[in-house]
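Work through the exercises below with the coordinates open. Each task is followed by a solution in steps.

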Amino acid sequence: MPLVHVSLRAGKPEAYRRAVLDNLYRAMRAALSVPEDDQFITLTEHDATNFRYGNAFGITRSDDLAYIQITVFNTRTLEQKKAFFQRTAELLGENPGIRPEDVFVNIIESAKENWSVGHGLAQFA
């Protein structure tokens, strides 16, 4: 039940944005055992004034940087998370062609009882 938000610099064509969303879903299915049709992903675009980055940690980033924040149940192993990071970079590198240096991923873990996915119910508590 991941909830994903992607932030990109504005101006990418629709096919580029669609490839980002599709390949993130593929990476989640492969590495995090996300069920079929479990897609809760948003993408926002930001103009240059509202999109900043640095070259911290010795990584030279570009305007193609993608910030990816994913909130998941706190049940994933370290190995699953590492596999997700790797698979995401691979798939986004293949299509739409984002360099691995420009794939910035943050995983936020949340207990199952902190989720309501509709009807005002705590479905996983």
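Buried means under 20% relative accessible area, exposed means over 50%, and partly exposed lies in between. The coordinates are those of a predicted model.

**Exercise 1. Classify the two partners of the salt bridge between R9 and D63, and state what the pair ties together.**

Step 1. Begin with the contact: the side chains of R9 and D63 meet at 2.6 Å, N to O. The cut-off for a salt bridge is 4 Å, so the pair qualifies.

Step 2. Take the accessible areas. D63 has a relative accessible area of 37%, so D63 is partly exposed. R9 has 24% and is partly exposed.

Step 3. Place the residues. R9 belongs to strand 1 and D63 to the loop between strand 2 and strand 3, so the salt bridge ties together parts 54 residues apart in sequence.

Step 4. Set the pair in context: a search of the whole structure gives eight salt bridges.

**Exercise 2. Determine the strand order of the sheet and find its edge strands.**

Step 1. List the strands in order across the sheet: 2-1-3-4. The four strands form an open sheet with mixed pairing.

Step 2. Look for strands that pair on one side only. These are strand 2 (41-46) and strand 4, the edge strands.

Step 3. Add the geometry. With direction ignored, neighbouring strands of this sheet are turned by 15° against each other on average.

Step 4. Resolve the mixed pairing into senses. Strand 1 and strand 2 run parallel and are joined by six bridges. Strand 1 (residues 3-9) pairs with strand 3 (residues 66-73) in the antiparallel sense, over five bridges.

Step 5. Check one residue pair for each. L8 has E45 in strand 2 as its bridge partner, and V4 stands opposite I70 in strand 3.

**Exercise 3. Describe how helix 1 and helix 2 lie against the strands.**

Step 1. Helix 1 (residues 14-32) packs on the sheet and touches strand 1, strand 2 and strand 3. The direction of helix 1 makes about 140° with that of strand 2.

Step 2. Follow the chain through this part: strand 1, helix 1 and strand 2 make a β-α-β unit, and the unit is right-handed.

Step 3. Helix 2 (residues 78-94) lies across strand 3 and strand 4. Its angle to strand 4 is about 145°.

**Exercise 4. Find a salt bridge that ties helix 1 to strand 2, and another that links helix 2 to strand 4.**

Step 1. For helix 1, take R17 and E45, whose closest N and O atoms are 4.0 Å apart. E45 lies in strand 2 and R17 in helix 1, so the salt bridge ties together parts 28 residues apart in sequence.

Step 2. Classify these partners: E45 is partly exposed at 36% relative accessible area, and R17 is partly exposed at 24%.

Step 3. For helix 2, take K81 and E109, whose side chains meet at 2.8 Å, N to O. E109 is in strand 4 and K81 in helix 2, and the pair links distant parts of the chain, 28 residues apart.

Step 4. Classify the second pair. E109 is partly exposed, with a relative accessible area of 38%. K81 has 18%, so K81 is buried.

Step 5. Note a further group: R99, E101 and D102 are joined into one network by salt bridges that share partners.

**Exercise 5. Decide whether S110 and I108 in strand 4 are buried or partly exposed, and list their contacts.**

Step 1. Locate the residues. Strand 4 spans residues 103-110 and holds S110; I108 also has its place in strand 4.

Step 2. Apply the cut-offs. S110 is buried because its relative accessible area is 14%. I108 is partly exposed because its value is 33%.

Step 3. List the contacts, leaving out residues up to four places away in sequence. S110 touches T71, V72, F73, N74 and W115. I108 touches Q69, I70, T71 and V72.

Step 4. Examine W115 again: its side chain makes a polar contact with the side chain of S110, at 3.4 Å.

Step 5. Finish with a distance. I108 and D38 are 70 residues apart in sequence, and their C-alpha atoms are 17 Å apart in space.

How values were computed
Residues are numbered from 1 along each chain as its sequence is written. This is a predicted model: local features need pLDDT of at least 70, side-chain atom pairs count only at pLDDT 80 or more; totals for chains, interfaces and linings use all residues. Side-chain values use heavy atoms; hydrogens and water are left out. Helices (H or I, at least four residues) and strands (E, at least two) are DSSP runs, numbered from the N terminus. Buried means under 20% relative accessible area, exposed over 50%, partly exposed in between (1.4 Å probe, protein chains only). A polar contact is a pair of N or O atoms within 3.5 Å; within protein, one must be able to donate a hydrogen and the other to accept it, and residues adjacent in sequence count only if both atoms are side-chain atoms. Contact means heavy atoms within 4.5 Å. Two strands pair if DSSP finds at least two bridges between them. Axes are lines fitted to C-alpha atoms, for helices over the stretch in contact, and angles run from 0 to 180 degrees between N-to-C directions. A crossover is right-handed if, with the strands pointing away from the viewer, the path from the first strand over the helix to the second runs clockwise.
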